[in-house]
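Please work through the exercises below with the sequence and the coordinates open beside you. Each one sets a task and then gives a solution in steps.

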2 protein chains.
Amino acid sequence: MNSAHSQWFETSIAQLNTLQNLRVWSIIVSLFGDLAQKPGDRINGTTLTRIITPMGIKPEATRVALHRLRKDGWIESARSGRASVHYLTDYGRSQSAAVTPRIYARDPIAPQDWHLLICEDSSGSAALEAALMLPQYTRVNRCTALGYGPRPASLDADFFVASLSQPQVPNWLQTRLFPQDLITSCQALQRALAELSPPADLSPVQVATLRTLIVHHWRRIALRHPALPPSFHPADWTGEACRTRVFDLLDQLPRPSLSALDPGTVG
Amino acid sequence: MNSAHSQWFETSIAQLNTLQNLRVWSIIVSLFGDLAQKPGDRINGTTLTRIITPMGIKPEATRVALHRLRKDGWIESARSGRASVHYLTDYGRSQSAAVTPRIYARDPIAPQDWHLLICEDSSGSAALEAALMLPQYTRVNRCTALGYGPRPASLDADFFVASLSQPQVPNWLQTRLFPQDLITSCQALQRALAELSPPADLSPVQVATLRTLIVHHWRRIALRHPALPPSFHPADWTGEACRTRVFDLLDQLPRPSLSALDPGTVG
């Protein structure tokens, strides 16, 4: 890689880094989700450090984050000769798999079958909170959740359930679902990604660094709520243009295999 | 009228009277709505007393109620020679006309086009209260109203509006819309009306007394909420059977003309 490319890489990383404070454990979750989500996938400690260090994250911070992720049951670590290897636990893998379809959905078409869950005033709020833990539900107000897909029959006793049709969405609901910080984050990511034009000869580790950062920032936007029909979008919401740019770039930065990242230890 | 018929009339009135405490002003509202709702309709004070007295209501109570209704702008009174006549004001007539379709709807088929109004949590409650003043809306909970017919465009800014389709109605909502007192009132009216079999030769004033009582009791049931689709009815709701019986009886007790009730003064 020539020095112009090296310069490009550093500038690009710096630009993505300014978007928001990176939480190291959350970066590692994005990284495993993108590069090593399959059963049997393992990442060498040295490789992990090489991917993360360009983001300005010190090895000490990575060790602390790995410790936390082990304590939370997301990641296991093992020795392999003189090296350490890290991999998702079954729990971590299932958590990662649960959100992968939403993060990696290229198709901006929202689910078509929406319904409302409406709870009884005070006595129903615990049931509503429980339903909102399910990934398909989004809060409308303290009595109402909006969700897609089949209606869980187990909710029948708690909720007045109705299919959503011909919704008319007022400003307050657009603002609630797409608050200003989300719109601003999305616009900032879009601006940063607009300037990114990766050269062809990046190393697998550099590709991994860029992918991890792009996926990480996008994940924080994409997981705020399910893909909602366009009538729910405020006029200044640029999420779909941002999504398009994310997948353009990921296509230009194909996911490196673990063996390419770490030729010595992973088969 | 023979004494068997007179006995029947007194027993029937007594039976209808036990259903609930009669508020005299409310009886008079039912009476005008049934017998003298058209512009120009006037009821002689003597006739009014003859219709109401068999319900056990003293002339003094009728005078107090008429005074209240005049003060509230529902009714006007005038002298006509030595007699007094009473009639609905424009306001009283419009109030009466607004609820007439619901009271006199024979067809138990509920409106087909329902929608939900969902307000923002705290800031939206005033708008919800205002919408609930409209006759087509019923409260679901503190954030939600259920209504039928066209959606008023003026509500667009305040509410998340969605057409209701495939509703699944939990017990708490059935109980909220059809509380025990309403179910009990309806069953009691149904029992009372089941035993009523009017003879053919009642006087116009007796017919008016019976019609007023039947309409009055039914009105207090029919106006509790709009006719809801059957999926909203609790298993022990007998409103539709009661409605059928009400209109059977009203058909057997055709509305007397004002001239038949009061041949002397009203043309």
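The exercises that follow concern aromatic pairs, a charge over a ring and backbone angles in a predicted model.

**Exercise 1. An aromatic pair in chain A**

Classify the pair formed by the rings of Trp114(A) and Tyr148(A), and state which parts of chain A the pair ties together.

Solution. A search of the whole structure finds eight aromatic pairs over all chains, and the pair of Trp114(A) and Tyr148(A) is treated here. The ring centres of Trp114(A) and Tyr148(A) are 5.4 Å apart and the planes stand at 70 degrees. Since centres within 6.5 Å make a pair and planes over 60 degrees apart count as edge-to-face, the pair is edge-to-face. The next step is to place the residues: Trp114(A) belongs to strand β4 (residues 114–119) and Tyr148(A) to strand β6 (residues 144–148), so the pair ties together parts of chain A that are 34 residues apart in sequence. As for accessibility, Trp114(A) has a relative accessible area of 5% and is buried, whereas Tyr148(A), at 23%, counts as partly exposed.

**Exercise 2. An aromatic pair in chain B**

Repeat the analysis for Trp74(B) and Tyr91(B), and decide whether Trp74(B) is buried or exposed.

Solution. For Trp74(B) and Tyr91(B) the distance is 6.3 Å centre to centre and the angle between the planes is 80 degrees, which makes this aromatic pair edge-to-face. Trp74(B) lies in the loop between α4 (59–71) and β2 (75–80) of chain B, while Tyr91(B) lies in helix α5 (residues 90–103) of chain B, so the pair ties together parts that are 17 residues apart in sequence. Because buried means under 20% relative accessible area, Trp74(B) is buried at 17%; Tyr91(B), at 42% relative accessibility, counts as partly exposed.

**Exercise 3. A charge over a ring**

Find the ring over which the charged end of Arg68(A) sits.

Solution. The ring is that of Trp25(A), and the charged end of Arg68(A) is 4.4 Å from the centre of this ring.

**Exercise 4. Positive phi angles**

Describe the backbone angle phi, the location and the accessibility of Gln166(A), and then do so for Gln166(B).

Solution. Begin with chain A, where Gln166(A) has a positive phi of about 45 degrees although it is not a glycine. Gln166(A) is placed in strand β7 (residues 159–168) of chain A, and its relative accessibility of 58% counts as exposed. Turning to chain B, the phi of Gln166(B) is near 50 degrees, again a positive value in a residue other than glycine. Gln166(B) is found in strand β7 (residues 159–168) of chain B, and at 56% relative accessibility it counts as exposed.

How values were computed
Residues numbered from 1 in each chain as written. Chains lettered and ligands numbered in written order. Predicted model: local features only at pLDDT ≥ 70, side-chain atom pairs only at ≥ 80, totals over all residues. Heavy atoms only, no water. Phe/Tyr/Trp six-rings, centres within 6.5 Å; stacked < 30°, edge-to-face > 60°. Helix = DSSP H or I, 4+ residues; strand = E, 2+ residues; numbered from the N terminus. Buried < 20%, exposed > 50% of the residue type's maximum accessible area, 1.4 Å probe, protein only. Lys NZ or Arg CZ within 6 Å of the ring centre and 35° of its normal.
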